[in-house]
Amino acid sequence: MSERQIQLEVLRYNPETDSAPRFQTYAVPCLNEWVVLDALNYVKENLDPTLSYRWSCHMAVCGSCGMMINGEPKLGCKAFIHEYGDSIRVEPLAHFPIERDLVTVVEDFIAKLASVKPYLIPREDQPISAGEFKQTPAELMKFKQYTLCINCMLCYAACPQYGLVPEFVGPAALALAHRYNQDSRDGGRDQRQEVVASDEGVWECSFVGACSEVCPKHVDPAGALQQIKVASTIDWYKEHLMPWVKK
Amino acid sequence: MEIIKTDVAIVGAGGAGLRAAIALAEADPKIRIALISKVYPMRSHTCAAEGGAAGVIKPDDSLDLHFNDTVGGGDWLCDQDAVEYFINEAPKELIQLEHWGCPWSREPDGSVAVRPFGGRKIKRTWFAADKSGFHILHTLFQTSLKYPTIQRFDEYYATDLLVDDGRCQGFTALEIRSGQMKQFQAQAVIIAGGGGGRMFPFTTNGAIKTGDGMALAYRAGVPLKDMEFVQYHPTGLPNTGILLTEGCRGEGGILVNKHGRRYLQDYGMGPETPVGQPVLKTMELGPRDRLSQAFWHEQKKGNTVSTKWGDCVLLDMRHLGEKKINERLPFVRDLSISYLGMDPVKEPIPIRPVVHYMMGGIHTDIQAATPLPGLFAAGECACVSINGANRLGSNSLTELLVFGRRAALSAIAHVQSGLATSNDAALAAKAQDSENRIRALFAKSQGTDSIAGLRKEMMHTMEEGAGIYRTGEELAKTCDKIAELRQRYAGIALHDKTSVYNTDLLQALELGSMLDCAEAVAVGARDRTESRGAHQRLDFTARDDQNFLKHTLAYYHPTEPPRLDYLDVVITKSQPGVRDYSGAKK
């Protein structure tokens, strides 16, 4: 297995001793099949135990290790060393306050997820004894893609609008609302619209589409947001121009 | 130290912890619930489970069949009353999850689909493509957001249980973000902290799986049960240990050696079945312990394929075709291409067995109660035991639902049983002891051993002594080594002296948990002089029901190896018999 020396330039910030973030460079002997997270783990185990970052699954499903790699939001466990040159710059996810080193403060994102009522609000109640709700594969396909979000927040780091307007509910949370709205078992769209169709909701989105480009799970939040906009516009027309038509 | 008072506190917010929290919130909106986890809930390792969750739902299946598969699969070390409770509750829990929105894969008529899994006579594994655990975890997390009484404490690491007046009354925890210690006072505590596969070097387990929940109970005097039973999953990617689900074989994937032979037929799982037409409980649909053991023999015979990542066998899924692989196994395809550079649609994938799951854990009864009043446990960290000596694939996702809920109901009953007022001064003194312990660890800087160095030595000796096949001699060495490492742990150096998000300190604490649990594994394995399920001894090759139809109980000692005791297995209707995985013969 071929080995290559990488200059890993990592943003460091210790809130107890640093007045501002700085960069520290480590020389890391990397195997070509490694991911950037492996290089960070090498540093942690062999060079500098004080380096702080989040990680767990190493298979792109837990969503812990989102970071900026050469300026782009990536999962550290899915950014392959062989796709980079001899120098790699690693920073915490953009648009989030830095807690320490590569660890960011994510409460805002968590609160936004919760704000869209991301749970099934059943169209009709059914006791457990009546069995499962029926849902055909075609009905499942309508929202399946939007269930794949791992909450890694890369889309928030890529979204220029979230950078400018922190109140923006943002791509992942809105796509999650859309996921439940599109679920044939759900009847809760009206309850979600208050947040989803607000000024800080979909209408804040300027449709740059960066969220979908960086999504490691191909969730396509931008597509979801456009669908919400169309549906919300139809709501508006129905309400204002044809008030006799029920939604 | 700040005191947080609650009614029920849950340590761990993966599948079992979240299920328990929701059950508490639904049972009584007046109950105060504190849900503590060292990570944000959706980072929990439940997310990495792929294949599915077992529960009887189809007309051709029955509770008896699920019972027989589970008990035989566990080599008769399961407690049969617990298994019966489990299989009865299983379908209800899976339907409940469906009602909460879990995107289960479907049949054309809109009913939930089931797939074949290893060691099962009938198809009964509910699945959401090959991200079943991920969808279960996110469905539970999102559903939990409905309940205002669930108060989350994300990124808190529980350090010591607080036991006074003979019952568990809370714990201390480190707020990772600030480095401050907090005292959680609760009338009942549920531990749902997951397994500890990270004590081994090659594992499907994420970095967070360090046995903290097990160690928390163990150090408070609660025994760990059947820790010597460690499951190797037969199909992991050889370079990273990333799991390729048993669903690969359930859908029809085959295992071949370097001669292209489907070698499982040589290990009592044949005769060979037609390619692409898997026969239940036969060949590739044998149980995990048998498949992993067959690999070991193939390796000894020189029949494995040598790759730059070591010896492998091949998982061939090409005959399934691109359409089926994309529909049923999209994650497997993505993982193989991304991390190995090989596409299962086009080529066989080299794989080898990898540490995956711990059958053992915190000793609980069928109510999810531990011997310590006020303390309950559920999920991988617990041992009820429904898994016995070898867990069947897709029983564990269901287990964390069934026993997560069961733990919640037991906790409520305990809280409502009229408990005496707690002695705040006594609890405060114990919390102070805990803080002092953490402060002392934090202050260590003159030590000679590094955390990473000790961890490597631990992993190495566990693989050497406590792997797929074991001997008394190797296990004795591993026991000595772990005992030595536990002593040297007192002399580790901590370099990070920052309070905020100190992962050096966290890793030191996690290493402590793993060493304690690893010793219970090694000592339990050394003294179990028989072969059963996932515990195979080259020096005691037969199952010994006369002496070992028993659970091992390991009791903690701060400086010595654990004291072992044994407990009879609960047998209700199935006497120990022969495990037969040659269904095609009939």
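In which hand does α13(B) pass α14(B) at their crossing? The crossing is left-handed, and the first legend below takes up this helix pair. The model shown in these views is predicted.

**Figure 1. Packing of helices α13(B) and α14(B) in chain B.**
Helix α13 of chain B covers residues 472–489, and its axis lies 9 Å from that of α14(B) at an angle of about 155°. Because angles over 145 degrees count as roughly antiparallel, α13(B) is roughly antiparallel to α14(B). The crossing of the two helices is left-handed. On the α13(B) side, the contact includes B:Gly472, B:Leu475, B:Ala476, B:Thr478 and B:Cys479, followed by B:Ile482, B:Ala483, B:Leu485, B:Arg486 and B:Tyr489. The residues they meet in α14(B) are B:Leu511, B:Gly512, B:Leu515, B:Ala518, B:Glu519, B:Ala522, B:Val523, B:Ala525 and B:Arg526. Sorted by class, the residues of this contact are 13 nonpolar, three polar and three charged.

**Figure 2. Chain B and its two domains.**
Chain B contains 15 helices and 24 strands. The C-alpha trace of the chain spans about 70 × 55 × 50 Å along its principal axes. For 586 residues, a compact globule would have a radius of gyration near 25 Å, and the 23 Å of chain B agrees with this. Domain 1 of chain B is assembled from the segments 1–103, 129–229 and 359–586, while domain 2 covers 233–354. The centres of these domains, taken over C-alpha atoms, are separated by 29 Å. Where the domains touch, 24 residues of domain 1 of chain B are in contact with 32 residues of domain 2 of chain B. The domain 1 side of this contact has nine nonpolar, 11 polar and four charged residues.

**Figure 3. Contact between chain B and chain A.**
Chain B contributes 45 residues to the contact and chain A contributes 43. On the chain B side, the elements that give two or more residues are α3 (80–99), α4 (132–144), α9 (330–340), α12 (451–465) and α14 (503–527). Of these, α3(B) gives the most, with five residues. The side of chain B that touches chain A divides into 19 nonpolar, 17 polar and nine charged residues. Helix α14(B), listed here among the contributing elements, also packs with α13(B).

**Figure 4. The two domains of chain A and their contact.**
Chain A is divided into domain 1, residues 3–104, and domain 2, residues 107–241. Their centres, taken over C-alpha atoms, are 30 Å apart. The contact draws 13 residues from domain 1 of chain A and 12 residues from domain 2 of chain A. On the domain 1 side, the elements giving two or more residues are β3 (66–69) and β4 (72–75) of chain A. β4(A) gives the most to this side, with four residues. By class, the domain 1 side has seven nonpolar, three polar and three charged residues.

**Figure 5. Packing of helices α6(A) and α9(A) in chain A.**
Helix α6 of chain A covers residues 171–181 and helix α9 of chain A covers residues 221–241. Their axes come within 9 Å and cross at roughly 60°. The two helices are therefore oblique to each other, and their crossing is left-handed. In α6(A), the residues in the contact are A:Pro171, A:Ala172, A:Leu174, A:Ala175 and A:His178. They meet A:Pro221, A:Ala224, A:Leu225, A:Gln227 and A:Ile228 in α9(A). This contact has eight nonpolar and two polar residues, and no charged ones.

**Figure 6. Packing of helices α6(A) and α7(A) in chain A.**
Helix α7 of chain A covers residues 189–196 and packs with α6(A) at an angle of about 165°, the axes being 10 Å apart. That makes α6(A) roughly antiparallel to α7(A). The crossing of this pair is left-handed. A:Leu174, A:Ala177 and A:Asn181 in α6(A) meet A:Arg189, A:Arg192 and A:Val196 in α7(A). The contact divides into three nonpolar, one polar and two charged residues. A:Leu174 takes part in this contact and also in the contact of α6(A) with α9(A).

Conventions. Residues numbered from 1 in each chain as written. Chains lettered and ligands numbered in written order. Predicted model: local features only at pLDDT ≥ 70, side-chain atom pairs only at ≥ 80, totals over all residues. Domains from an automatic or database assignment. Contact = placed C-beta atoms within 7 Å. Nonpolar A, V, L, I, M, F, W, Y, C, P; charged D, E, K, R; others polar. Axes fitted to C-alpha atoms, helices over the stretch in contact; angles between N-to-C directions. Parallel < 35°, antiparallel > 145°, perpendicular 65-115°, else oblique. Left-handed = near helix turned anticlockwise from the far one by under 90°. Rg over C-alpha atoms; globule rule 2.2 N^0.38 Å.
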